[in-house]
Amino acid sequence: MGFPLLPLVLAVGDFGPFQKWLVLLTLFPSLSVAFHQFCQLFMVQHVPHRCDTSWIRAIGPNLTEEEQLNLTVPRDAAGAYEQCSMYSPVDWDLGSIMLYGLNATEKCSNGWVYPSAQPPSLLTEFDLVCDRKDLNDISQSIYMMGLFLGSMIFGPLSDRIGRRPVILISIFLQGLFGVGIAFVPHFYVYMAFRCVVGASVSGITMTLLAVLISHCCFAIGQMILAGLSYGIRNWRLLEIAGSAPIFALFFYIWVLPESARWLVTKGRIEEAKKVLQKAASINKRTISPELLELTLYLLMANRYACSVPLCPSFRFVNSLVYYGLSLNVTNFGLDIYLTQLAFGAVEIPARIGCIFLLQWLGRKKTQAVLLLLSGLVCLIITGIPEAWLVPTTVLGPRGRRALPAAPRFPRQTGVGLCSMSARLAGIMAPLTRLLGRYHRAIPMAIFGSAPVVGGLLCLLLPETRGTDLADDTGDGCPPTQKPGWRQHFIFLLSL
């Protein structure tokens, strides 16, 4: 950390009760963020379906269900009834149909029929099957588009009006539109609401989720989601159960302080002093007036310094593989609830392990090794036969677990830029899965090759272990030194 902040941090207390209280406040939103990221996986589970052929009941009201299917639905090569086609309706009498049979087929024109005991889900209510099944992945991309828009809006907005208002606005939007999703009448309205929820999630992740323990809490939220969705099978009730608790966080209005540094950049010196003095008081420390005045003066002098991240982040590659694997849990073949539980469980030791790896190997080697490992695991999965469910399910979480934790940056505009890169990958991940219709190995091959390339590019970046955290770009690149091609290349990679 540069000179203007280090003496003040030591005087206030680097990790006292005040900082621990702030960390505790970051944990609760992590649970709701995890829910909204992955809840749709449990709302669009595959169920048996067939075309609605009730037209034949008009001429054969006494037909059994099996007789109706034999007369109106063709069979596939395995002898099972087709799920997405039916025989074209005719105006014959029942005797002629039973005598001559039907030959012409067409797509389901009157909707679909699902098992009567099936709880309401997105799939059954909005018919996300056959020609409409791609709407599931498209809606996931729409949600990621919301995350992208949120990073564009809330990153600069938090620099303009402060973190605290952005957090409160994001919490309100997430609760309002999250609960509203449970009452949507149409799937396109559902996608629009999910887009707004995604934007609000970005507002929370860029302003709160900046420490390791909050990321571990995000993993715990995934595990809670597995249990919650197992107990609540009705998708509308599940949406309410996962969204409504966020309203309890409105007590942040009274307890969440504004960033002292942001207050200084806006010239609100007295308010910044009160925040710092309150922090020191809670930590049972005292700040000398001379140190406080000197530090605030130096921050004022550098308040327009740009803080664009120059450290290697590779958020695009991380997010592409992370969401590519996370949104694919329904296709691993085993129980989706246990698979989601495993995916959340492996993240906790992975994120904690990053602390020791970064201290032992440094960021450069850690990023390179873990990206290469993640890519190789995904490439191995492409060669595993589709019928081998257990090896695929075992390797899937390990491929995601190998992804390193992305670094965070001191200014919210910089965080917004990196978040935009990650959200572009998030938008692409569900769409990449659509390539599986041509060959099942194509998506996983893409998810495997991207981190391999990223891991190799890590070797071009400088090591940051043991160096001070820069307060602005001036600490990383002196004004008198003109950046060369290597610095520009590193900057592009860091986005």
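**Figure 1. Met428 and its neighbours in helix H19 of this predicted model.** Start with Met428, which touches Phe316 and Leu320, leaving aside residues up to four places away in sequence. Met428 itself sits in helix H19, which covers residues 412-433. Is Met428 buried, exposed or something in between? With a relative accessibility of 39%, Met428 counts as partly exposed. Another residue to look for in this view is Ile138: it is 290 residues from Met428 in sequence, yet the two C-alpha atoms are 9.9 Å apart in space.

**Figure 2. The whole chain, for getting your bearings.** Before zooming in again, here's the overall tally: the protein chain has 22 helices and four strands. It runs to 495 residues, and 48% of them count as buried. How much of the contact list comes from residues 24 or more positions apart? Among contacts in the chain with a separation of 6 or more, such pairs account for 79%.

**Figure 3. Helix H16, end to end.** H16 takes in residues 336-361, which makes 26 residues. From first C-alpha to last it reaches 35 Å, close to the 38 Å expected at 1.5 Å a residue. Where does H16 bend? Look at Cys354, where the helix turns by about 25°. Cys354 is also one of the buried residues of H16, along with others including Ile336, Tyr337, Phe343, Glu347 and Arg351. Just past the end of the helix comes Gly362, with a positive phi of about 90°.

**Figure 4. Where H16 meets H17.** Helix H17 spans residues 363-382, and its axis comes within 7 Å of the axis of H16. The two axes cross at roughly 125°, so H16 and H17 are oblique to each other. On the H16 side, the residues to find are Leu357, Leu358 and Leu361. They meet Arg363, Lys365, Thr366 and Leu370 of H17.

**Figure 5. Helix H7 and its buried residues.** H7 covers residues 163-181. How does its span compare with what should be expected for 19 residues? At 1.5 Å a residue the helix should span 27 Å, and its end C-alpha atoms are 27 Å apart, so the two agree. Plenty of names to pick out here: the buried residues include Val166, Ile167, Leu168, Ser170, Gln174 and Gly178.

**Figure 6. Two residues with positive phi in the loop between H5 and H6.** Most residues other than glycine have a negative phi. Asp127 isn't a glycine, but its phi is positive, at about 50°. Cys130 isn't a glycine either, and its phi is positive too, at about 55°. Asp127 is found in the loop between helix H5 (122-126) and helix H6 (134-161), and Cys130 has its place in the loop between H5 and H6 as well. Which side of the 20% cut-off does each fall on? Asp127 has a relative accessible area of 21%, so it counts as partly exposed. Cys130 has 14%, which means it is buried.

**Figure 7. Spans listed as transmembrane regions in UniProt.** The unreviewed UniProt entry lists several stretches under "transmembrane region", among them 142-159, 336-358 and 441-462. In the model, residues 142-159 are 100% helix and 0% strand, with end C-alpha atoms 26 Å apart. Residues 441-462 are 82% helix and 0% strand, and there the end C-alpha atoms lie 35 Å apart.

Conventions: Residues numbered from 1 in each chain as written. Predicted model: local features only at pLDDT ≥ 70, side-chain atom pairs only at ≥ 80, totals over all residues. Heavy atoms only, no water. Expected span 1.5 Å × (residues − 1). Bend = angle between axes of the 7 residues up to and from the residue. Buried < 20%, exposed > 50% of the residue type's maximum accessible area, 1.4 Å probe, protein only. UniProt positions renumbered as here; feature names shortened; annotations may be inferred. Axes fitted to C-alpha atoms, helices over the stretch in contact; angles between N-to-C directions. Parallel < 35°, antiparallel > 145°, perpendicular 65-115°, else oblique. Contact = heavy atoms within 4.5 Å.
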